[in-house]
Structure formats: structure tokens, C-alpha cells
Amino acid sequence: MRYHRARFVAGFLALPVLLYVVYVIAPYAQAFYIAMTNWRGVSATPQFIGLENFRRLLDDSVFWRAVAHNGVLLVLMPVLTIGIALFFAFLLNVGGTSGVAGIRGARFYRVVFFFPQVLAVAIVAVLFQQVFQPRGNGMLNSVVTALGLEPIGFLSNPDIALWSVLGVLVWQAVGFYVVLFSAGMASIPRDMFEAASIDGAGRVQLFFRVTLPLLWDTIQVGWVYLGIAALDVFAVVWVMTAEHGGPDSSTTVMAAEIYRNAFQYFRFGYASAMGVVLFFFTVGFAVVALRLSRRERVEF
Amino acid sequence: MAGVLYEEATRVYPGSDRPAVDALDLDVHDGEFLVLVGPSGCGKSTSLRMLAGLERVDGGRIAIGDRDVTHLPPRDRDIAMVFQNYALYPHMSVADNMGFALRVMKAPREEIARRVREAARLLDLEEFLDRKPKALSGGQRQRVAMGRAIVREPKVFLMDEPLSNLDAKLRVQTRTQIAALQRRLGVTTVYVTHDQVEAMTMGDRVAVLKDGVLQQVDTPLHLYQHPANVFVADFIGSPSMNLAEYPVVADEAVLGELRVPLSRETLKALQDEGGDRVILGFRPEAVEVVGEGEPAGFPVTVTVVEELGSDAFLYGQYADTADPARLAQTVIARVDPADPPAKGERVRLRIQPGKERLFSAVTGRRLPT
């Protein structure tokens, strides 16, 4: 009986485990190995050089700038995205004027907010290149110049470019989280909001004392997703910014450096070492995020 | 402390022609326990939610005390509500749940603690103050919901079927506790239920609604004894009143071989509306078992006998009749619980004189007697 059950379970597990090993574990193992070679993509037998790539990485100032940019995005992108998405989702579901309902036209807005999510990231990047055009012909700068101000170098000023990237990332992500949080709010019993509004809570208190605590699980999931997305940023930076991460490396991120080293400089070993570092950053972030946000689960 | 006044209050849900609450006129006195009762969909909950401000008022007005609250948001009405599912905040302890309204009002910390403790003592909840709602039983949650209402010291309590999630025994216990508590606190209370026993046992007065229209407001006893129409007569009382339509022939309602004489006033009212039929009703306890020879009686074949210990109810069919309408009717009668008739037995029943109720077959309203 026991034997049969083991065979039964193994029968179901075999295929997924095999796929996982071939497509996930094996590439990781390979990347770890390549990270310890000086492989440049052509020789059949890469030379094993131990931790030399990692030692070089320590002195690579461009890579550390990329790490710092990822760090900034890791903190700000989830905070801004979740904050804005919560605000909109609350308006669409609870914050309306009559009773516990969304504002007028809530269903329309929900669809509109989702639009950016439907666009391919590369298209978003190209679109925003136009929006951010440096002179008066850019969408934003035409407004700026119309107000009589000097045009702003959204992508050309090294001090501003990273914020432009952040803005695009947030703009693109918000819609999905509005929908996610809307679904979360819809699953909170309505009478919870009604009880709170009878108890004297205004919109602000409904939000902070009822909605936020009851939505905590969903927010936590969103936080982890967004954090990982912030560590993985690539397409927006590569397509939109000058010099793929410029000007002067002011917007570059880890993924962009990996791509540059691998496919432009053909330093596959070195790029793999960056990939390994990124892997540990991501795992580390996930562990920390889940630890920090773990609380007693709210049960209805 | 204040009363509640509905004046032609109307609510029409968007997309519906028929009002959910149709020109409701209701005057709840200060300190009164008023029960809104009716079958599901009768508009009782909507009426309550209109008073709470959770439902828009499309016509008429609602006042609490001297203040017109028709268009005020819920939080400005100074009311407290107990929900059917209690709506306790799952992320807060019992104490925080009960003190929530006061915290929102920014009452001083000691004052909140004091009032929560008082309410907890009143409701026997002191040992649970630090627990989360999910760690409580249904009855305890219900009491926390009550406590949350009490702590506020509001002008009006609103209760929306607060007992319907409890088991039968606990429901009976809690029913008396709530009624006693309300009398002790003296706060005006509007209570919604679909259960007419709850309505009868708890309310100072009971308002019966049907299809959004108020049928009758009265004390439980008066409602039972003098129902204003067929609906109220049928709805109030368990088992319900025996009601059926009979032809009127020569000043008498004809129930098969049995004739019930009608008074001059009744006949005049019938004549005014041009009806030659009448709806006659009698309560199960207005019936007595009589001997075979009794001329004012009618024969019934017993189909079921419900023995409850203190009472016994006989469910029977009219015997000796070929009229299919009469055969389809069930007669319910209260009989001596010490000596109930057996199933299948044939008994002769008599309506005690003066205990029958007469209603118009046209309008369903009570006829003068």
C-alpha cells in the first residue's frame, strides 16, 4: 500500500521535477560554473579561473553604480506604485460619495488604468522617449516651455534621468496593482466598511484603519513582486535611455550591465558572475521582505 | 436620547420600478423598542439602512430627535448598528473593536478604557477583551457586536437580524438578554427580523411590512388579536391563523354545513364594496373539540398531531365535503396536550363564539364587527 502510494506520487512529480531540473536548476548551475571561467563565448573549453571574476567585480565602479540604481528603484518603485495603486483602488471601490461604493465611472477608470499593462515594455519605452524629448517638441517639455521655463533634460541630464526611469516604471506598473488591490478590497465584507462609517470613520480613517490592515496580505504579495521587478529592470533602461543606461551610466542597472558585458563585450564569464550576484540580491530581498512583513494573518 | 421619525420615506433601487420602501410613515418614540418584521424582500432591512444612512432616501424624510438626517452621512447621525454578520474588525482585539468609535472620535484614552470595561462587564465579556474575533464563539461575537454599539452611547440602536446566526437555544436566551438590556439602557431601538416570534417577544411595538408597504404598527398583543388585514393575520402567530374565503348567503358566512352569522356592520361593509364573499379566520386556540351532536361544529379528519408538551396542535382536513377547495385546506387547532386525538381520528371542532376574524375578500382589510 505504502509502496503503491509512493509510486503514485512519484508518477505525478516526475515530469514537473524533470522540467524544473532541465530548465531552472541546470541553467543556474551552469551560470555558477561559467561565472568562474573566463569564457568569451567562442572557445570550446573555457578556462577555470576560480573567483577571479568576483574579485574584479568588486573594483568595477560602473557595476556598483548599477547596484545602487537598483537599490534606489527597489525602495522607491514599490513604495510609489503601491501607494498610488492603493489610492486609486480605494477611490474606485470604497471612497465614493454615497455609501460604500466607488466614485462615479469607477468601472471605466478600472479599464483605463489597466491600459499601460497591456502595452509591451519596449513600446512604453519608445513612447516615453517621445514624451521626454529634450526640446520644446517633447510632450512634457512643450508644456514646460509654454510656461516660460527652460526645457528639462529628462533623459539627458544625469541628475534627472534616473527619476524619469522611475516615473515610467511606476506609470507602467500602477494599473496592474489597482486591479489587484481592487480585487482585494472587493473581498473585504462590505459591512466592515459600513460598520466603520457608522462608527464615525471618515474616508481617511476608513483607509488607514480598516482597508489597509485588511488588505495587508495582498499588499505584501505586491511588495515582493515589485521588489523583484525593480531588481530585474532592463527593457525600459535599455530602450529609453541614452547610451543604454546613460548618460554617463547615470541610469544603468544590473541587468543592463550583464547584457552589455555578455553580448557587447562578449565577457560571458564576467557577466555570469554579475548574474550570480543579482541572484543572491534577489533571494536575499525575498527573504527579508517576507520576514519583515510577516504578521499575524487576518481571518474573517 | 431621541425618537425616530420616518415621513413618507421612499427608496427606489436603480433599475427597478417598484419602490423597495414605499412612503413609510413611522414614529418611533423615545426609548421605545420597535421591531420591523416581514418576509424577506419586504423592505425592512432597507428601511433600517435608510435610517443608518447606508441607503439613499429617494423621497420623504427621516429625522432622529429634532434633527433631519435624511441626507446626512452615517457618521453624523449618532447611531450604532449591530449587523447580521456582526462586522467585527478581524484585525482588532475585542477591546479595540468596542472602542473603535471612541478612538475615531479621539476620546481620551482612559475614558475609552473605562467605557469598554463597563460594557464588557455588562455583557460578560471581560475575559475576552484581548482576544481577536476569530477566537470567539458565535454568541460571544454577537455580544461583542452589541458591546460595540453600547460603548458609543448613541441616540439610536439599529439591529439588523442580530440573532439569525445563532443556534435556536442561544437565540432564545440572547433574545431576552437584548430586550432586558434595551429596557435598562432606555435607548431607542429599531430592530429588524423576519422571525415573528422574535418580533412579538422583544418589541414594545411591532411594524409589519410587506412589499415595501407598512401594513400595521401596534403592540404585539393588539397585532395578534386585531390584525388589520389578511397578511398580518397570517404572518403573526405560530402556527398561523386558519384563513379561508367563504360565500355569504343571507347574513351568514357559509362554511359547508356550518353557518357563521355576520353582524350588521360587517354586512354593511360588505355591501359597500359589493362583495358576496368574506375571508374568515380563526386562531388555532379559538377552536375547541366538541361532541358529535354539537350543531355549531364541523367534522375534521386528523392528519398530523404536533405534541410540544405544553401544547398540542392538530392539523386536519375537513371531512364530509366534496368541495375540492375545502378539501385542500388544512385546519389547525390547539387541543388538550394531556389528551390529544390520534392521527386518522375524526373529531368535531367548534369556533368559540366571537373569536373569528372577518376580512374583505376584495381588499383583504379587516371588516368591522
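This report describes a predicted model of a complex, with attention to its chains A and B.

**Basis of the description**

Residues are numbered from 1 along each chain as its sequence is written, while chains are lettered from A and ligands numbered from 1 in the order in which they are written. Since the model is predicted, local features need a pLDDT of at least 70 and side-chain atom pairs count only at pLDDT 80 or more, whereas totals for chains, interfaces and linings use all residues.

The predictor assigns the complex an ipTM of 0.81 and a pTM of 0.80. For chain B the average pLDDT (the predictor's confidence in each residue, from 0 to 100) is 89, and 100% of the residues score at least 70.

**Chain B as a whole**

Chain B contains 10 helices and 20 strands. Helices (H or I, at least four residues) and strands (E, at least two) are DSSP runs, numbered from the N terminus. The C-alpha trace of chain B spans about 80 × 45 × 35 Å along its principal axes. Of its 369 residues, 41% count as buried. A residue is buried if 20 or more other C-beta atoms lie within 10 Å of its own, exposed if 12 or fewer, and partly exposed in between, with C-beta atoms placed from the backbone. Two residues are in contact if their C-beta atoms, placed from the backbone, lie within 7 Å. Among the contacts in chain B with a separation of 6 or more, 67% are between residues 24 or more positions apart.

**Strands of chain B**

Strands of a sheet pair through backbone hydrogen bonds, either parallel or antiparallel. Here two strands pair if DSSP finds at least two bridges between them. One open sheet of chain B has 4 strands in the order 2-1-4-5, with antiparallel pairing. Strand 2 (21–28) and strand 5 (67–68) of chain B stand at the edges; each has a single partner strand, so one side of each lacks a neighbour in the sheet. Strand 1 (residues 4–11) of chain B is joined to strand 2 of chain B by 5 bridges, and the two run antiparallel. Within this pair, Val4(B) stands opposite Val28(B).

Another antiparallel pair is formed by strand 17 (residues 312–318) and strand 18 of chain B, again over 5 bridges. Tyr315(B) has Ile332(B), in strand 18 of chain B, as its bridge partner. In a regular strand the side chains alternate between the two faces of the sheet. Strand 18 (residues 331–335) of chain B shows this alternation: Val331(B), Ala333(B) and Val335(B) point to one face and are buried, while Ile332(B) and Arg334(B) point to the other and are not.

**Helices of chain A**

An unreviewed UniProt entry lists residues 72–96, 108–132, 160–183, 223–241 and 268–290 of chain A under "transmembrane region". UniProt positions are given in the numbering used here, feature names are shortened, and annotations may be inferred rather than shown by experiment. Two of these stretches are set out below.

| Stretch of chain A | Helix | Strand | Distance between end C-alpha atoms |
|---|---|---|---|
| Residues 108–132 | 88% | 0% | 28 Å |
| Residues 268–290 | 100% | 0% | 33 Å |

Helix 3 (residues 61–93) and helix 10 (residues 216–231) of chain A have axes that come within 8 Å and cross at roughly 145°. Axes are lines fitted to C-alpha atoms, for helices over the stretch in contact, and angles run from 0 to 180 degrees between N-to-C directions. Residues of helix 3 of chain A including Leu73(A), Met77(A) and Thr81(A) belong to a group that meets residues of helix 10 of chain A, among them Gly222(A), Trp223(A) and Leu226(A).

**Where the chains touch**

In the interface, 20 residues of chain A are in contact with 19 residues of chain B. On the chain A side, the elements that give two or more residues are helix 8 (190–198) and helix 9 (203–214) of chain A. Helix 8 of chain A supplies the largest share, 6 residues.

**Local backbone features**

Most residues other than glycine have a negative phi, and most peptide bonds are trans. Ser249(A), which is not a glycine, has a positive phi of about 60°. Ser249(A) lies in the loop between helix 11 (235–240) and helix 12 (254–264) of chain A, and is partly exposed, with 19 other C-beta atoms within 10 Å. Phe266(A) also has a positive phi, near 55°. In chain B, a cis peptide bond joins Ser238(B) and Pro239(B), with omega about -5°. Pro239(B) is in the loop between helix 8 (230–235) and strand 11 (242–249) of chain B.
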